[in-house]
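Here is a brief report on one chain. Start with the fold, then move to the details.

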Amino acid sequence: MSLELPTLSFFKANRINYYYDKPFLYFACFLCGGEVKMNVFDTKWECSICKKSGTLSHLIVMNKHLSSQVRQKIYHPENERKQIIRMFDKLIHKYGSDIEPLKVKVERLIQYYQEKKNTDE
Ligand SMILES: [Zn+2]
């Protein structure tokens, strides 16, 4: 049985910043702020920096002992990409189409890394 629903409920109920790219949920490590990748089907997770690992039940325990003040936001690459494109559009609107080639180059570079990442997985 998938633990997707209880996992998402835990994150929402505790207002923990995350993003979900099925079947993986990403959030900032409770201990070091590094990126944690969790598989929602078995809830196994590991921090990419401090290598702390566990399951949803470990997070529930850790959450009780940690202040929500110390929690960091997860870096969400897709949101960052959208923000960058919006920033370019504002600049183009303000300064004209000289900036357009830079926007195209950045989009092309992001696309390159996305495709590379997808073939590496
Ligand atoms: Zn960590």
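## Terms and model

Helices and strands here are DSSP runs, numbered from the N terminus; a helix has at least four residues and a strand at least two. By that naming, Thr43 lies in the loop between S3 and S4. The model is predicted.

## Strand pairing

S2 and S3 pair in the antiparallel sense, over five bridges. One of the bridge pairs sets Phe24 against Asn39 in S3. The two strands form a hairpin, with six residues between them. In that turn, Gly33 has a positive phi of about 85°.

S3 also pairs with S4. The two run antiparallel and are joined by three bridges. Here Val36 has Cys47 of S4 as its bridge partner. S3 and S4 form a hairpin too, with five residues between them.

## Two faces of S3

Which residues of S3 point to the buried face? Val36 and Met38 do. Glu35, Lys37 and Asn39 point to the other face and are not buried. The side chains thus alternate along the strand.

## The nonpolar core

The largest nonpolar core has 10 residues. Its members are Leu25, Phe27, Cys29, Phe30, Val36, Met38, Val40, Trp45, Cys47 and Ile74. Strands S2 (24-28), S3 (35-39) and S4 (45-47) each supply at least two of them. In soluble globular proteins, nonpolar side chains tend to be buried together.

Cys47 is a core member with several contacts from elsewhere in the chain. Leaving aside neighbours within four places in sequence, Cys47 is in contact with Cys29, Cys32, Gly34, Val36 and Lys52. Of these partners, Cys29 and Val36 belong to the core as well.

## The helix pair

Helix H3 spans residues 77-95 and helix H4 spans residues 100-120. Their axes come within 10 Å and cross at roughly 170°. Angles over 145 degrees count as roughly antiparallel, so H3 is roughly antiparallel to H4.

H3 brings Arg81, Ile84, Phe88 and Ile92 to the contact. H4 brings Glu100, Lys103, Val106 and Ile110. By type, the contact residues divide into five nonpolar, no polar and three charged.

Thr119 is also in H4. Thr119 counts as exposed because there are 7 C-beta neighbours inside 10 Å, and the cut-off for exposed is 12 or fewer. How far apart are the C-alpha atoms of Thr119 and Leu25? They are separated by 20 Å, while the two residues are 94 apart along the chain.

## Backbone details

Two residues that are not glycine have a positive phi: Arg15, at about 50°, and Thr43, at about 65°. Arg15 is in the loop between helix H1 (4-13) and S1. Thr43 is in the turn of the S3 and S4 hairpin.

Is each of these residues buried or exposed? Arg15 is exposed, because 8 other C-beta atoms lie within 10 Å. Thr43 is buried, because 20 other C-beta atoms lie within 10 Å. The cut-off for buried is 20 or more.

Where is the cis peptide bond? It runs from Lys22 to Pro23, with omega near 5°. Pro23 is found in the loop between strand S1 (18-21) and S2.

How values were computed
Residues are numbered from 1 along each chain as its sequence is written. This is a predicted model: local features need pLDDT of at least 70, side-chain atom pairs count only at pLDDT 80 or more; totals for chains, interfaces and linings use all residues. A nonpolar core is a set of buried Ala, Val, Leu, Ile, Met, Phe, Trp, Tyr and Cys residues joined through C-beta atoms within 7 Å. Two residues are in contact if their C-beta atoms, placed from the backbone, lie within 7 Å. Axes are lines fitted to C-alpha atoms, for helices over the stretch in contact, and angles run from 0 to 180 degrees between N-to-C directions. Angles under 35 degrees count as roughly parallel, over 145 as roughly antiparallel, 65 to 115 as roughly perpendicular and the rest as oblique. Ala, Val, Leu, Ile, Met, Phe, Trp, Tyr, Cys and Pro count as nonpolar, Asp, Glu, Lys and Arg as charged, and the others, Gly among them, as polar. Two strands pair if DSSP finds at least two bridges between them.
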